[in-house]
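These are my notebook entries on one structure. I put the sequence and the model here before recording what I looked up.

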Amino acid sequence: MSVRLGELLTKAGLINQDQLKDALKVQKETGSKLGETLIKLAFVTEEDITECLSQQFGVPSINLSHFEIDPSVIKLIPADVARKYNILPVNKPGATITIAMADPTNVFAMDDIKFMTGYNVEPVVASELGIKAAIDNYYGSTSSLELKKVMEDLQQTEAADLEVLEEEEELDVAALAEGAEEAPVVKLCNLILTDAIKRGASDIHIEPYEKEYRVRFRVDGTLYEIMNPPLKLRDAITSRMKILAKLDISEKRLPQDGRIKLKMKLNDKNKELDFRVSVLPTLFGEKIVMRLLDKDNLRLDMTKLGFEPESLAVFEEAIFKPWGMVLVTGPTGSGKTNTLYSALSKVNSPEVNIMTAEDPVEFNLPGINQVQMKESIGLNFAATLRSFLRQDPNIILVGEIRDFETAEIAIKAALTGHLVLSTLHTNDAPSTINRLMNMGIEPFLVATSVQLIAAQRLARRICGACKEVVDVSPQALINLGYKKDEVGTFTVYKGRGCDKCNNTGYKGRVGLIEVMKIDDDLRELILSGGTAIDIKKKAAENGMISLRRSGLVKIKDGVTTIEEVVRETVL
């Protein structure tokens, strides 16, 4: 097969003669198969090889990671035979057994299986690595010595430290920070998790570089460098975090997402925490980002989110309407999910059926039907929305409108008697109208379906323990956006910095929120093709409090600083 595969790939123009020679040389040194060697050298991909073989021999190709094979079919062929020929039974229609093979010309394997099972054999092509992974999955893993050693090293104290359970089960971490006599990597990973919780971090970043390895925490929206572990611990730390998040520690080339669920004791209180884990291959190793989902930080009281009283009244009026669309916009990490969850909690009652499609589901809300998206099996926002409409919903939440298909279904749902809540990534409320039209939605559909758009940002709150007055010139306040008659009627504050706020002067965050109600004036403007500037101007005339104005109100109230408002908003 080796020479034949090399010739086939060369004829197909996928590799040249020099690459084939290099691969055969490496293959001779390592003893591995040619296909694996070519993939490791990045000359071809697994898909290139399977497609080439499929076309050459007229045999269908199959991606085993997309198939769930019946255990009764697996039992037809013993594990040792499957490993010997690197094959896998995938189906048994009637008196024929379908076999996934890396080499569809291996007649010895097919004859052996036909004799053993008494069935006719129908081959399909699959990649060598894909078949090996599937054999390990269905027959049990034959881990390499290196992988086994890493697992043993990292799990020396796992029983005493933390159990890796199913997501639905509770993970009891009574003494997560106690590390006496434990493996250094286990202790270090536990320290990172507990320290992040104690500092009130929202995200943990574990980042490998060429000559350093660093851990950063995002606290109140700003990243701080916390520690620099030894570079030699990079792979061990990555593997440990992957084990906790139930990820494949042998897969280092592709991004992976997982979740760690913990229950720990902090300040004599039991805390339940979720860490949403994202692993991304970078130039010098895998970067891990963990989002802390702490139920205690989820504020469902809308009066505490940062709405001005006038804006809150308009927002609540929109979410209590029987139909229409309410959009919350802003960049990642601007508190959109919290606002939407607060809105759902406000309208949640036994009389209404609430359905949500989220990617991912961040918090479990009682009385609300939440669906987790799974793109790998085709469960996306559009497919879920279609199913929702057959589930007799009153209120639908779509985690994010990313494309025309999702936007179209959401708008149709809003026009047919449903209240639809969703998010978009736009700079402010007026520009959201143009964003929907750029997606391909007709202006008349936008004008008739959208009831309200709220844009938001998060600004850091001044620390109450070290709050002090700061002098600001009247002209600076006017340049900031205040009217002349407002200057001199309030005091500006900032945080000096103390132990309670890690000497930053800030503790906690507050929302700056711009609420734009789509009234008849704005509908006419949208239908006549008005620009975002025209819409913004008309909305301001009708009483909209802009993001900058919301920030100015927070400065007047002594909640945040000028620097924070300037950083998050524009005039």
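**Entry 1: overall content**

I counted 23 helices and 19 strands in the protein. Helices (H or I, at least four residues) and strands (E, at least two) are DSSP runs, numbered from the N terminus. I note that this is a predicted model, in which local features need pLDDT of at least 70 and side-chain atom pairs count only at pLDDT 80 or more, while totals for chains, interfaces and linings use all residues. Residues are numbered from 1 along each chain as its sequence is written, and side-chain values use heavy atoms, with hydrogens and water left out.

Along the principal axes, I found that the C-alpha atoms fill a box of roughly 90 × 60 × 50 Å. Of the 571 residues, 47% count as buried; buried means under 20% relative accessible area, exposed over 50%, and partly exposed in between (1.4 Å probe, protein chains only). I then looked at contacts, meaning heavy atoms within 4.5 Å. Among contacts with a separation of 6 or more, 63% are between residues 24 or more positions apart.

**Entry 2: helix H11**

I followed H11 over residues 184–199, which makes 16 residues. From first C-alpha to last, H11 reaches 22 Å, close to the 22 Å expected at 1.5 Å a residue; the expected span is 1.5 Å times one less than the number of residues. The buried residues of H11 include Val185, Val186, Leu188, Cys189, Ile192 and Leu193. Asn190, Thr194 and Asp195 of H11 are also buried. After H11 comes Gly200, with a positive phi near 70°.

**Entry 3: H20 against H21**

How do H20 and H21 pack? I recorded an angle of about 170° between H20 (residues 520–527) and H21 (residues 532–541), with axes 10 Å apart. Axes are lines fitted to C-alpha atoms, for helices over the stretch in contact, and angles run from 0 to 180 degrees between N-to-C directions. H20 and H21 are therefore roughly antiparallel; angles over 145 degrees count so, those under 35 as roughly parallel, 65 to 115 as roughly perpendicular and the rest as oblique.

On the H20 side I listed Asp521, Leu522, Leu525 and Ile526, which meet Asp534, Ile535, Lys538 and Ala539 of H21. By class, this contact has 5 nonpolar, no polar and 3 charged residues. Here Ala, Val, Leu, Ile, Met, Phe, Trp, Tyr, Cys and Pro count as nonpolar, Asp, Glu, Lys and Arg as charged, and the others, Gly among them, as polar.

**Entry 4: two residues of H20**

Ile526 lies in H20 and is buried, at 1% relative accessibility. Beyond residues up to four places away in sequence, Ile526 touches Ile433, Met437, Pro443, Ala447, Ile518 and Ile535. I also took the C-alpha separation of Ile526 and Val59, which is 55 Å, with their positions 467 residues apart along the chain.

Arg523 is in H20 as well. With the same sequence neighbours left out, Arg523 touches Ala447, Thr448, Val450, Gln451 and Ile518. The Arg523 side chain reaches the backbone oxygen of Ile518 at 3.1 Å. I count as a polar contact a pair of N or O atoms within 3.5 Å; within protein, one must be able to donate a hydrogen and the other to accept it, and residues adjacent in sequence count only if both atoms are side-chain atoms.

**Entry 5: Ser422 and Trp323**

Is Ser422 buried or exposed? Ser422, in strand E15 (residues 419–424), is buried, with a relative accessible area of 0%. A polar atom of its side chain lies 2.8 Å from the backbone oxygen of Val398. Apart from neighbours within four places in sequence, the contacts of Ser422 include Val326, Val328, Leu340, Val398 and Ile401.

I placed Trp323 in the loop between H13 (309–319) and E11 (324–329). Trp323 counts as partly exposed, at 37% relative accessibility. Neighbours within four places aside, Trp323 is in contact with Ala414, Gly417, His418, Leu419, Thr448 and Gln451.

**Entry 6: backbone exceptions**

Most residues other than glycine have a negative phi, and most peptide bonds are trans. Asp220, not a glycine, has a positive phi of about 55°. Asp220 sits in the loop between E6 (213–219) and E7 (222–227) and is buried, at 16% relative accessible area. Lys246, also not a glycine, has a positive phi of about 60°. Lys246 lies in the loop between H12 (234–244) and E8 (256–266) and is partly exposed, at 41%.

Finally, I noted a cis peptide bond joining Asp359 and Pro360, with omega about 0°. Pro360 is in the loop between E12 (354–358) and E13 (369–372).
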